[in-house]
Amino acid sequence: MSLKSYQCGNCGANLSIDLEDLTATCPFCGQKLTFDMEDMAEIMAEREKTKRMQTEQEEATKRHSAQLEHDEKIKKIESDADNFMEGAAAVTNGINTVSRGLGMVKTIVGLIIAGVIGFSLIILLIVILLVLK
Ligand SMILES: [Zn+2]
């Protein structure tokens, strides 16, 4: 009897093994099998191996999702930093616009004052000329 795989020799279903009396009963067709200690050791080793592989698989999956989560966080921090830099750039732009505006206002006020002074000087000159006549 080959028990490399602990499947029912009759229908191929997985056998439920009774460790107490080293027998197995097929839950589907009711086939009964008896194992010797050597078979049992092989079966148990096989089971352990499968379990270990499953655990390793689960751990790998966990590590992978932790990695993904970590990547998400990094991306979030990076995009927050980008948003901050964009905000800072917008503020800098705003400040530049305001100071350009102030510069223009200063220029206009300067021109008006110069105009008023020039105009007053001309009037004064005319008045002086008129008085001196
Ligand atoms: Zn069966």
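Where is Ala45 found? Ala45 sits in helix 1, and the legends below visit that helix along with the rest of this predicted model.

**View 1. The whole predicted protein, with one helix and three strands.** Following the sequence, the elements come in the pattern β-β-β-α. The radius of gyration is 47 Å, well over the 14 Å that the globule rule gives for 133 residues, so the protein is more spread out than a compact globule. Along the principal axes, the C-alpha atoms fill a box of roughly 145 × 25 × 20 Å. Just 3% of the 133 residues count as buried. If you like contact statistics, take the contacts between residues at least 6 apart in sequence: 13% of them join residues at least 24 apart.

**View 2. Confidence across the model, with a mean pLDDT of 89 for the protein.** A pLDDT of 70 or more is reached by 96% of the residues. Helix 1 has the highest confidence, at a mean of 93, while strand 1 has the lowest, at 78. A friendly reminder for anyone zooming in: where pLDDT is low, the predicted coordinates should not be read in detail.

**View 3. The open sheet, built from three strands in the order 1-2-3.** The pairing here is antiparallel. Strand 1 (16–18) and strand 3 (32–34) stand at the edges with a single partner strand each, so one side of each has no neighbour in the sheet. On average, and ignoring direction, neighbouring strands are turned by 25° against each other.

**View 4. A closer look at strand 2 and strand 3, joined by three bridges.** Strand 2 covers residues 23–25, and it runs antiparallel to strand 3. To find your way around this pair, start at Thr23, whose bridge partner in strand 3 is Thr34.

**View 5. Leu19, in the loop between strand 1 and strand 2.** Is Leu19 buried or exposed? Leu19 has 11 C-beta neighbours inside 10 Å and a residue with 12 or fewer is called exposed, so Leu19 counts as exposed. From Leu19 to Phe35 the C-alpha distance is 9.7 Å, with the two residues 16 apart in sequence.

**View 6. Helix 1, spanning residues 37–132.** This helix has 96 residues and reaches 140 Å from its first C-alpha to its last, close to the 142 Å expected at 1.5 Å a residue. How many of the 96 residues of helix 1 are buried? The count is one, and helix 1 is hardly covered. When you look along a helix like this, keep the periodicity in mind: an α-helix has 3.6 residues a turn, so residues three or four places apart point the same way.

**View 7. Ala45 in helix 1.** Here we return to the residue that opened these legends. Ala45 counts as exposed, with 10 C-beta neighbours inside 10 Å. Ser79 is 34 residues from Ala45 in sequence, and their C-alpha atoms are 50 Å apart in space.

**View 8. Asn93, another residue placed in helix 1.** Asn93 has 10 other C-beta atoms within 10 Å and is exposed. How many residues separate Asn93 and Arg47 in sequence? They are 46 residues apart, and the C-alpha to C-alpha distance between Asn93 and Arg47 is 68 Å.

**View 9. Ile123, also with its place in helix 1.** For Ile123, 10 other C-beta atoms lie within 10 Å, and the residue is exposed. To pick a partner outside the helix, go to Thr25, which belongs to the stretch 23–25 of strand 2. Ile123 and Thr25 are 98 residues apart along the chain, with 124 Å between their C-alpha atoms.

Note on methods:
Residues numbered from 1 in each chain as written. Predicted model: local features only at pLDDT ≥ 70, side-chain atom pairs only at ≥ 80, totals over all residues. Pairing = 2+ DSSP bridges. Helix = DSSP H or I, 4+ residues; strand = E, 2+ residues; numbered from the N terminus. Axes fitted to C-alpha atoms, helices over the stretch in contact; angles between N-to-C directions. Rg over C-alpha atoms; globule rule 2.2 N^0.38 Å. Buried ≥ 20, exposed ≤ 12 C-beta atoms within 10 Å, placed from the backbone. Contact = placed C-beta atoms within 7 Å. Expected span 1.5 Å × (residues − 1). pLDDT = per-residue confidence, 0-100.
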